[in-house]
Amino acid sequence: MPLTTRITETLAQHGLRATPIRRQVLQVLLSKPYALSSNDIEQELGSAGIDRITLYRTLRTFEQQGVIHRVVDATDIIHYASCSVDCTEHAHHDNHVHFKCNACQHTYCLNQVAIPPVVLPGRFQAQRSDLLLSGICNKCQPSQPAAH
Ligand SMILES: [Zn+2]
Ligand SMILES: [Zn+2]
C-alpha cells in the first residue's frame, strides 16, 4: 500500500480529518522503523515549520485515537511509534515488546512479540504494561565473519 494511501486510511479509520499537519506528522512516524521523540519529529519536518504547540496537540490527538502509542525506553524522553495497520483498539499499545538498541540507540516496536502474561499477587491490578528489552538490533549486528 503506498504511504499516502496508508496515511489517508489510517486517519479515516480513527475518525480524524486529514489535515496537512496530521498527514505530515503521520508520514514522518510511518517512514521510520523506530520510535521518535517530538524533537525528532520536529527535525524531520524541517523547515516545513510547524509550531511546537500544534505538534504536541497533534501527537496528543493521535495518541488518544490510537494512531500512535508511547514507547517507554528507559530515558526521560517520550518517544512515539505508529500503531500497526490492523490496530483499531486503543489497548493495543499494551501488548507488544519494545527493543532498545545499545548501538544505534533506536527503540523498535516488536509488534509480532507479545508481552507474556504476568501473574500478580493479591490485589495488585495492572493498568498498563511495558516490556523493554535492550541489546543489539538486527541492523547493528556485526556482519558474519567471512568463511575462509
Ligand atoms: Zn541498532
Ligand atoms: Zn510499540
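Buried means under 20% relative accessible area, exposed over 50% and partly exposed in between, computed with a 1.4 Å probe on protein chains only. The views below show a predicted model, in which local features need pLDDT of at least 70 and side-chain atom pairs count only at pLDDT 80 or more, while totals for chains, interfaces and linings use all residues. Residues are numbered from 1 along each chain as its sequence is written, chains are lettered from A and ligands numbered from 1 in the order in which they are written, and side-chain values use heavy atoms, with hydrogens and water left out.

**View 1. The cysteine site of the zinc ion (ligand 1).** Cys101, Cys104, Cys137 and Cys140 coordinate this ion through their SG atoms at 2.3 Å, where donors are N, O and S atoms within 2.8 Å of the metal (3.2 Å for Na, K and Ca), and sites may look incomplete because water is not among the atoms. Along the chain, the donors of the zinc ion (ligand 1) have the spacing C-x2-C-x32-C-x2-C. Cysteine 101 belongs to strand E4 and cysteine 140 to the segment after strand E6 (132-135), so this pair ties together parts that are 39 residues apart in sequence; strands (E, at least two residues) and helices (H or I, at least four) are DSSP runs numbered from the N terminus. The site of the zinc ion (ligand 1) is tetrahedral, with angles of 102 to 119° among its 4 donor atoms; four donors earn that label if all angles lie between 85 and 135 degrees. For comparison, the ideal angle for four tetrahedral donors is 109.5 degrees. Cysteine 101 is buried, because its relative accessibility is 0%, and cysteine 137 is buried at 5%, whereas cysteine 140, at 27%, counts as partly exposed.

**View 2. The mixed-donor site of the zinc ion (ligand 2), with three histidines and one cysteine.** The protein donors are His69 (NE2), His96 (NE2), His98 (NE2) and Cys109 (SG), which lie 2.0 to 2.2 Å from the zinc ion (ligand 2). The angles among the 4 donor atoms run from 100 to 119°, and the site of the zinc ion (ligand 2) is tetrahedral. In sequence, the donors of the zinc ion (ligand 2) are spaced as H-x26-H-x1-H-x10-C. Distant parts of the chain are linked by histidine 69 in strand E2 and histidine 98 in strand E4 (residues 96-101), which are 29 residues apart. Histidine 69 is buried, since its relative accessible area is 1%, and histidine 98 is likewise buried, at 2% relative accessibility.

**View 3. The open sheet E1-E3-E2 and the helices that lie on it.** The 3 strands of this sheet pair in antiparallel fashion, where two strands pair if DSSP finds at least two bridges between them. Strand E1 (36-37) and strand E2 (68-71) are the edges, and each has a single partner strand, so one side of each is left without a neighbour in the sheet. Strands E2 and E3 (residues 79-82) run antiparallel and are joined by 4 bridges, with valine 71 standing opposite histidine 79 of E3. Helix H2 (residues 20-31) packs on the sheet and touches E1, E2 and E3, its direction making about 90° with that of E3; contact means heavy atoms within 4.5 Å. Helix H4 (residues 52-64) lies across E2 and E3 and runs at about 100° to E2, with axes fitted to C-alpha atoms, for helices over the stretch in contact, and angles running from 0 to 180 degrees between N-to-C directions.

**View 4. The open sheet E5-E4-E6 and tyrosine 108 in strand E5.** The pairing among the 3 strands of this sheet is mixed; strand E5 (107-114) and E6 are its edge strands, each pairing on one side only, and the twist averages 30° from one strand to the next. E4 and E5 run antiparallel and are joined by 5 bridges, with alanine 114 of E5 as the bridge partner of histidine 96 and leucine 110 of E5 as that of valine 97. The hairpin of E4 and E5 has 5 residues between the strands, and within this hairpin glutamine 105 takes a positive phi near 65°. Tyrosine 108 is buried, with a relative accessible area of 11%, and residues touching tyrosine 108, not counting those up to four places away in sequence, include Pro33, Tyr34, His98, Cys101 and Cys137. The C-alpha atoms of tyrosine 108 and valine 71 are 8.7 Å apart, although the two residues are 37 residues apart in sequence.

Key: Tetrahedral: all angles 85-135°; square planar, octahedral: opposite > 155°, others 65-115°.
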